[in-house]
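Me: Before I plan around this protein, I would like to go through the labels attached to it one by one and hear what each of them rests on.

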Amino acid sequence: MSNVVLTASGLYTPPEAISNDELVASFNAYVDIHNQAHADDIAAGRVAPLSHSNSEFITKASGIQSRYVVDKAGILDPEVMHPRIRTRGNDEPSLQCEMALAAIGPCLEAAGRSAEDIDVILVACSNLPRPYPALAVEVQEFLGGGHYGFDLNVACASAAFGIQTAADMIKSGSARRVLMVNPEICSAHLNFRDRDSHFIFGDVCTAALLEHADDAPAGAGFDVLGTRLSTRFSNNIRNNFGFLNRSETEPRSEADRLFVQHGRRVFKEVGPMVAEMIVDHVAEHALSASDLKRLWLHQANINMNTLIAKRVLGHAPENGEMPSVLAEYGNTSSASPVIVFHKFSNDLATGDIGVLCGFGAGYSAGSVVLRRR
């Protein structure tokens with residue numbers, strides 16, 4: 001029997017969204033400006049011209065049709081092409097802190113808990129606002145609850161790693177109730193001038209509350225039957241932004257300090273890695289594919305997710321077995337499997353089993369086997 005329960009989840013969605021058509025119009029305007037500015041070099045063969053993007057390519061390649069962002073105007077301005085975020089004073093809550101609080105509120109309300117009930121706050125996400133103070137400690141301050149907090153960064157797998165960390169703390173007795181939060185401003189690390197990746201990411205925040213089973217309301221939430229984590233080093237997804245950038249003898253370009261990936265290699269290597277991990281993890285709990293009612297997968301790419309689901313289930317996903325929010329949210333890094341769980345879990349019956357799985361740069365991957373109480 002499990003003594004850890006995922007009691008409730010919460011979701012904060014930014015109010016602004018960008019459609020593929022809007023994003024493509026901005027990108028193509030930038031391409032025209034660039035090609036015009038370098039027309040002589042392009043004609044002489046010294047510079048390669050940039051190519052337009054199109055909405056059909058984006059949807060076919062990824063399944064993404066739209067994404068929510070913290071600042072639409074800056075991203076769509078061909079002269080800017082990144083979110084513009086107001087500089088905060090040190091005594092103000094950061095934007096990620098505000099997003100965290102907005103996701104925590106409905107999570108605690110759904111669980112019937114208050115800030116004073118929380119022991120630990122974990123912030124698990126791909127990008128943090130600063131090295132220190134920890135964002136989790138900032139959230140603790142403005143939430144008014146929690147004895148301590150700390151940050152975790154394992155790229156797109158951060159939520160799965162955060163859930164295992166919370167579960168391990170509850171199992172060991174060092175905490176009874178843990179908030180795990182995933183504030184992602186992915187638009188700030190995305191190169192909107194790169195045709196191969198400018199459409200991938202969106203912004204969002206999710207939260208999940210994990211409790212000792214003895215404290216959880218009867219019948220509420222999901223038993224955490226088990227967790228499994230896996231990492232393997234790869235440069236195929238990388239971000240070179242860091243505190244040593246200014247000290248490097250050869251300054252990196254802006255593009256080299258933003259998100260970069262080799263998509264085909266990632267698809268080829270990560271999909272099978274994740275599918276094998278889930279299959280082995282499920283078997284470890286004496287379960288088979290036929291026992292799985294739902295896969296809450298990281299929303300990286302609809303084609304990759306379909307491949308993973310086929311290998312795990314033994315057939316193409318059907319009847320809600322692999323719900324997706326890619327079309328609406330895009331890839332929201334660590335938060336994405338929690339969004340899917342938040343939106344597509346209430347319909348499951350007592351005893352139904354699903355797997356929440358995050359995977360991404362590192363390579364890193366984590367699976368969580370959950371059973372409806």
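Reply: What follows takes up cysteines, salt bridges and a pocket in turn, and the model is a predicted one.

Me: How do you know that Cys125 is not in a disulfide?

Reply: A disulfide requires two cysteine sulfur atoms within 2.5 Å, and the closest cysteine sulfur to that of Cys125, in Cys205, is 8.4 Å away, so the pair is too far apart for a bond. A search of the whole structure likewise finds zero disulfides.

Me: What rules out a bond for Cys156?

Reply: The reasoning runs along similar lines, because the closest cysteine sulfur to that of Cys156 belongs to Cys186 and lies 6.9 Å away, too far for a bond.

Me: Why is Cys156 called buried?

Reply: The term applies under 20% relative accessible area, and Cys156 has 12%, so the residue counts as buried. Cys125, at 0% relative accessibility, is buried as well.

Me: What makes Lys72 and Glu22 a salt bridge?

Reply: The criterion is a side-chain nitrogen of Lys or Arg within 4 Å of a carboxyl oxygen of Asp or Glu, and the closest N and O atoms of Lys72 and Glu22 are 2.9 Å apart, which satisfies it. Because Lys72 lies in helix α4 (residues 72-76) and Glu22 in helix α1 (residues 20-37), the pair ties together parts that are 50 residues apart in sequence.

Me: Why is Lys72 called partly exposed?

Reply: Partly exposed covers the range between under 20%, which is buried, and over 50%, which is exposed; Lys72 has a relative accessible area of 22% and therefore falls in that range, as does Glu22 at 29%.

Me: How do you know that Asp41 and Arg46 form a salt bridge, and which exposure class does each belong to?

Reply: Their side chains meet at 2.8 Å, N to O, against a limit of 4 Å. Asp41, at 26% relative accessibility, is partly exposed, whereas Arg46, at 58%, is over the 50% mark and therefore exposed.

Me: How many salt bridges are found in the whole structure, and which residues are linked in a network?

Reply: The search finds 14 salt bridges, and Arg113, Arg177 and Glu211 are linked in a network of them.

Me: What is the lining of the second largest pocket made of?

Reply: This pocket has a volume of about 210 Å³, and of its 15 lining residues the closest to the centre are Thr7, Ala8, Ser9, Gly221 and Asn346. The lining divides into eight nonpolar, six polar and one charged residue, and the largest share, four residues, comes from β1.

Definitions and conventions
Residues numbered from 1 in each chain as written. Predicted model: local features only at pLDDT ≥ 70, side-chain atom pairs only at ≥ 80, totals over all residues. Heavy atoms only, no water. Buried < 20%, exposed > 50% of the residue type's maximum accessible area, 1.4 Å probe, protein only. 1 Å grid on protein atoms, 1.4 Å probe; cavity = no way out; pocket = protein on both sides within 12 Å on 5 of 7 lines; lining within 4 Å. Points joined across faces, edges and corners; volume = space filled by probe spheres on them. Helix = DSSP H or I, 4+ residues; strand = E, 2+ residues; numbered from the N terminus. Nonpolar A, V, L, I, M, F, W, Y, C, P; charged D, E, K, R; others polar.
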